[in-house]
Amino acid sequence: MKALCFALFACAFNLLIGYGGLLSFGHAAYLGSAGYVTAHAAKVWGWPPELAILAGVAGAAALGLVIGALAIRRQGIYFAMITLALAQMLYFFCLQAPFTGGEDGIQSVPRGLLFGLVDLRNTLTMYFTVLAIFLAGFLLIYRTIHSPFGQVLKAIRENEPGRSRSATGPTSTS
């Protein structure tokens with residue numbers, strides 16, 4: 001299950017750097033924040049798994065909006081460094097915040113019933129649920145890459161300002 005989660009994480013990272021051309025060192029901040037929000041919603045607030053997962057996704061999306069608004073104005077190494085700095089700030093905040101459990105993390109998160117039908121307390125059922133989520137995410141990324149939007153991402157990566165000018169050399173108007 002952990003391998004599938006990290007494989008989906010790697011697929012998302014491949015989409016970002018391989019097709020978008022953006023080197024982000026803060027990519028793990030979204031995975032961690034989604035995990036903390038999901039675990040907190042399930043354990044402390046007693047939310048069912050589907051709502052806790054949606055809360056985690058919403059939390060990571062909100063964090064992405066904030067970090068993205070600050071980082072997207074930078075290019076190259078500056079983009080990578082600002083994402084690293086913001087991710088480290090979030091890491092140290094989560095390490096010291098009382099609701100995250102510090103270095104131990106949030107323990108004993110209940111699994112519950114997914115949609116009131118699927119018993120996630122059974123390890124085999126949990127595995128196949130994680131596998132289904134991985135396959136859905138992988139297919140979504142695959143479809144995105146092979147869509148017109150994916151072609152635009154590749155074109156933006158290949159035609160980044162600075163690369164196109166240096167490849168053609170200086171131009172003369174005289």
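Buried means under 20% relative accessible area, exposed means over 50%, and partly exposed is whatever falls in between, using a 1.4 Å probe and protein chains only. By that yardstick Ile 17 is partly exposed, with a relative accessible area of 31%.

## Ground rules

This is a predicted model: local features need pLDDT of at least 70, side-chain atom pairs count only at pLDDT 80 or more, and totals for chains, interfaces and linings use all residues. Residues are numbered from 1 along each chain as its sequence is written, and side-chain values use heavy atoms, with hydrogens and water left out.

## The nonpolar surface patch

Ile 17 sits in helix H1 (residues 2-19); helices here are DSSP runs of H or I with at least four residues, strands are E runs of at least two, and numbering starts from the N terminus. On the surface, Ile 17 joins Leu 23, Phe 25, Ile 77, Tyr 78, Met 81 and Leu 84 in a nonpolar patch, with about 630 Å² of accessible area together. Helix H4 (residues 76-96) gives the largest share of that patch, four residues.

A few words on how that works. Patch members have over 30% relative accessible area and no salt bridge; nonpolar side chains (Val, Leu, Ile, Met, Phe, Trp, Tyr) are joined within 5 Å, and like charges within 9 Å. A salt bridge is a side-chain nitrogen of Lys or Arg within 4 Å of a carboxyl oxygen of Asp or Glu. The areas come from the Shrake-Rupley method with a 1.4 Å probe, and for residues only the protein chains shown count as cover.

## Ala 60 and its neighbours

Ala 60 belongs to helix H3 (residues 49-71) and is buried, at 15% relative accessible area. Leaving aside residues up to four places away in sequence, Ala 60 touches Tyr 30, Ser 33 and Ala 34, where contact means heavy atoms within 4.5 Å. Tyr 36 is 24 residues from Ala 60 in sequence, and their C-alpha atoms are 9.7 Å apart.

## Aromatic pairs

Rings of Phe, Tyr and Trp (its six-membered ring) pair if their centres lie within 6.5 Å; planes under 30 degrees apart are stacked, over 60 edge-to-face, and the rest tilted. That rule gives five aromatic pairs. One of them is Tyr 127 with Phe 128, edge-to-face at 5.3 Å centre to centre and 70° between the planes. Tyr 127 is partly exposed at 32%, and Phe 128 is partly exposed at 48%.

Phe 134 and Phe 138 have ring centres 6.0 Å apart and planes at 20°, so this pair is stacked. The two are four residues apart in helix H5 (residues 123-145), so about one helical turn separates them. Phe 134 is buried at 15% relative accessibility, whereas Phe 138 is partly exposed at 35%.
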